[in-house]
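Hi,

Here is the structure I promised to hand over. Have a look at it first, and then read on for what turned up.

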Amino acid sequence: MTAAVHIPEYEDEELRAGEELAREPAFWLAHLLLTLGHGDEEPEAYGVAEEAYDAMLERLGDAESPGLVLRMPFGRGHTACVAYQNFEDENVIDFFVHHPDWGRLGFLGQHGPHGSGPGLAWRELTALARSTDDDAPEGLGDEARRLLLLLPVLGDADTPPEAQQTVAEALVAVGLRAETARELAARLVDETGPAHQPRWSVAVDSPIPVCSSDHSPRRIPLALGITEEQAHVLAEALSGSR
């Protein structure tokens, strides 16, 4: 059995480390299609066997099993997490950041019946994908996997045109079929265009960027309530400067 994971504000929930799933192309296809709301697509089109995909969907949505969390350490002791939690009447995927000194979580978004987002600007997503914490003993270290894990909470009017190619290359790197990776990448990056995407700005009272979307948990600074020093360290870590 995979190891139990304790995360502040999840102490009443049984979570198990899920990083071993990241070795399976079926996980990445399920993770990305579920968060798109297109979990019933044909997996063979993306190079994933139907049996493997169905088994992964069952595992990720099993209300009888402990929830799963995939962790992504980044600068100065922060960790981005994606937690799959399943209940009798709903399934949710939470995206959040935590730090052992905070005593709280910084929410990036949720996919589920009461979903919220977006939670990351493109520059933050790519910075987190490249950033690692050498002192962290666990979690995902591969850049492609890190990018795709948090991609579902991307939303940014300033996402550059080359983002689709970056995502397509990451999809191929985790084992999905190259012939369909670009089409899937276009959907994942969001084809609605910059006019329909939120914008990010830094307010006068916090160094942490906030999002213009009414549905984003980052309408307020991430991890609101941490100290001023902690906020500056987090802002630097999100930007990749530390």
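To get you oriented: in which loop does alanine 223 lie? Alanine 223 is in the loop between strand 8 (210-211) and helix 7. Helices (H or I, at least four residues) and strands (E, at least two) are DSSP runs here, numbered from the N terminus.

Before going further, a word on how to read all this. This is a predicted model, where local features need pLDDT of at least 70 and side-chain atom pairs count only at pLDDT 80 or more, while totals for chains, interfaces and linings use all residues. Residues are numbered from 1 along each chain as its sequence is written, and side-chain values use heavy atoms, with hydrogens and water left out.

Back to that loop. Phi of alanine 223 is near 60 degrees, which is a positive value in a residue other than glycine. Alanine 223 is also buried, at a relative accessible area of 5%. For that word I use these cut-offs: buried is under 20% relative accessible area, exposed is over 50%, and partly exposed is in between, with a 1.4 Å probe and protein chains only.

Now the sheet. You'll find an open sheet of 6 strands in the order 1-2-3-4-5-6, with mixed pairing. Strand 1 (4-5) and strand 6 (105-111) stand at its edges, and each has a single partner strand, so one side of each has no neighbour in the sheet. Two strands count as paired if DSSP finds at least two bridges between them.

Strand 3 is a good place to start. Strand 3 (residues 67-74) and strand 4 (residues 78-86) run antiparallel and are joined by 7 bridges. Within that pair, valine 69 is opposite alanine 83, and leucine 70 is opposite valine 82. Helix 7 (residues 228-239) packs on the sheet and touches strand 3, strand 4 and strand 5 (91-98), with its direction at about 80 degrees to that of strand 4. Contact here means heavy atoms within 4.5 Å. Angles run from 0 to 180 degrees between N-to-C directions, and axes are lines fitted to C-alpha atoms, for helices over the stretch in contact.

With strand 2 (residues 15-17), strand 3 runs parallel, and 3 bridges join the two. There, alanine 17 is the residue opposite valine 69.

How many residues of strand 3 are buried? The count is 8 of its 8 residues. In a regular strand, side chains alternate between the two faces of the sheet. In strand 3 both faces are covered: Gly67, Val69, Arg71 and Pro73 are buried on one side, and Leu68, Leu70, Met72 and Phe74 are buried on the other.

Strand 3 and strand 4 form a hairpin with 3 residues between them. Arginine 76 sits in that turn, with a positive phi of about 60 degrees. Unlike the strand 3 residues, which are buried, arginine 76 is partly exposed, at 42% relative accessibility.

A second hairpin is made by strand 5 and strand 6, with 6 residues between them. Glycine 103 in its turn has a positive phi of about 75 degrees. These two strands run antiparallel, joined by 6 bridges, and valine 97 has glycine 106 as its bridge partner in strand 6.

After the sheet, look at the loop between strand 6 and helix 3, where proline 118 is placed. The peptide bond joining glycine 117 and proline 118 is cis, with omega at about 0 degrees.

Next, a helix pair. The axes of helix 3 (residues 122-130) and helix 4 (residues 143-150) come within 8 Å and cross at roughly 140 degrees. Leu125, Thr126, Leu128, Ala129 and Arg130 of helix 3 make the contact with Glu143, Arg146, Leu147 and Leu150 of helix 4.

Another spot to check is glycine 37, in the loop between helix 1 (25-36) and helix 2 (50-60). Glycine 37 is exposed, with a relative accessible area of 56%. Glycine 37 and glycine 112 are 75 residues apart in sequence, yet 9.5 Å apart in space, C-alpha to C-alpha.

Last, the cysteines. Counting a disulfide as a pair of cysteine sulfur atoms within 2.5 Å, the model has 0 disulfides. Cysteine 81 is buried at 0% relative accessible area, and cysteine 211 is buried at 3%.

Happy browsing!
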